[in-house]
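Student: I would like a close look at one part of this model, the aromatic ring pairs. Please set them in the context of the whole chain.

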Amino acid sequence: MFKTMLTAAGSLLLAGSLAAQVAVKSGDRIAFLGDSITAQGNSSQAGYVNLVMLGLKVNGIAAVKIPAGISGHKSNQMLARLKRDVLDKKPQIMTLSCGVNDVGHGKRGVELPDFKKNITAIVEQAQAAGIRVCILTATMNREDPKHPHNIKLAGYNDFLRSLAKEKNCLLADLNSDMQKIVADFRKSSPKYQGNVLTVDGLHMNPDGNVMMARGVLRALGLDDAQIAKAEAAWDNQKSGIGTVQLSVRDFRLLRSQAAAAGLTIQEYITRLVNREAERMAK
């Protein structure tokens with residue numbers, strides 16, 4: 001009996017320890033500050049913002065989202081609206097996704113010295129308001145690590161990583177995750193020439209949203225078993241690929257079939273639609 005009591009006590013301590021490692025609890029408000037990637041991450045069922053919230057829910061954490069993504073926004077614009085869109089809504093946690101437009105907008109973008117000032121100010125103001133900050137490294141701008149945008153973006157992401165360490169922020173290193181997934185897929189499916197995680201080289205497809213949500217949940221402290229439970233719940237969530245709504249599971253299947261045929265997923269979907277139209281016309 002004494003052994004049973006010790007085992008039970010150990011289980012309770014372990015459960016308490018695991019719970020303490022998760023940065024979000026039921027009732028917490030999570031602000032998602034970002035650009036169009038974040039805006040789209042909230043606008044579809046399988047967008048990364050909604051996948052994060054579902055992933056928390058199936059693990060017993062009923063949090064509340066505060067969407068704060070605006071298309072085209074850069075670090076200076078996010079700083080300018082931080083009070084209105086985040087601080088005034090009093091979240092406990094804020095995720096910060098920024099960088100692709102600062103680099104991708106060229107002469108209208110934000111150079112690294114000013115990006116550093118803007119992001120540091122965003123983090124410091126959020127922390128001064130008692131908000132826990134989770135920094136997301138900027139995802140790839142085109143799925144080619146040698147593209148000039150990605151070469152330039154590397155310095156921005158190096159800064160985000162160092163700032164997260166300096167300011168004791170949570171960190172979701174999505175750029176590293178994305179580069180590995182893209183490289184591994186292209187190695188395993190050399191005939192496939194389409195985008196792997198994006199619909200257009202920038203905005204996420206269903207699997208790209210899963211990649212982002214997985215990284216955020218990991219940064220928030222969920223363990224492998226909890227993330228696996230989240231991923232099982234994500235399989236049937238849908239988002240659009242062109243005019244077609246696909247679940248995460250169906251998207252992965254179609255992408256695999258497209259890769260085997262040496263087509264992009266859009267080309268493969270068009271082929272299937274045309275074949276069905278021909279069949280119906282007979």
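Student: Before the rings, how many positive and negative side chains does the protein chain have, and how far apart do the centres of the two sets lie?

Tutor: The protein chain has 37 positive and 25 negative side chains, and the centres of the two sets lie 2 Å apart. Lys and Arg count as positive, Asp and Glu as negative, while His and the chain ends are not counted. Each charge is placed at NZ of Lys, CZ of Arg, CG of Asp or CD of Glu.

The model is predicted, so local features need pLDDT of at least 70 and side-chain atom pairs count only at pLDDT 80 or more, whereas totals for chains, interfaces and linings use all residues. Residues are numbered from 1 along each chain as its sequence is written, and side-chain values use heavy atoms, with hydrogens and water left out.

The secondary structure of the protein chain comes to 13 helices and seven strands; these are DSSP runs numbered from the N terminus, helices being H or I with at least four residues and strands E with at least two. The radius of gyration is 20 Å, close to the 19 Å that the globule rule gives for 282 residues, so the protein chain is as compact as a globular protein of that length. That radius is taken over C-alpha atoms, and the rule is 2.2 Å times the number of residues to the power 0.38. Of the 282 residues, 47% count as buried, which is to say under 20% relative accessible area with a 1.4 Å probe, protein chains only.

Now the rings. Rings of Phe, Tyr and Trp (its six-membered ring) pair if their centres lie within 6.5 Å; planes under 30 degrees apart are stacked, over 60 edge-to-face, and the rest tilted. The count by this rule is four aromatic pairs. One of them joins Phe 32 and Tyr 48, edge-to-face, at 6.4 Å centre to centre and 80° between the planes. Phe 32 belongs to strand 1 (residues 29–34) and Tyr 48 to helix 3 (residues 48–58), so this pair links distant parts of the chain, 16 residues apart. Phe 32 is buried, at 0% relative accessible area, and Tyr 48 is buried at 0% as well.

Phe 115 and Phe 159 have ring centres 6.2 Å apart and planes at 75°, so this pair is edge-to-face. Phe 115 sits in helix 7 (residues 112–128) and Phe 159 in helix 8 (residues 148–166), so the pair ties together parts 44 residues apart in sequence. Both Phe 115 and Phe 159 are buried. Tyr 156 joins them, as ring pairs link Phe 115, Tyr 156 and Phe 159 into a cluster.

Terms used. Buried means under 20% relative accessible area, exposed over 50%, partly exposed in between (1.4 Å probe, protein chains only).
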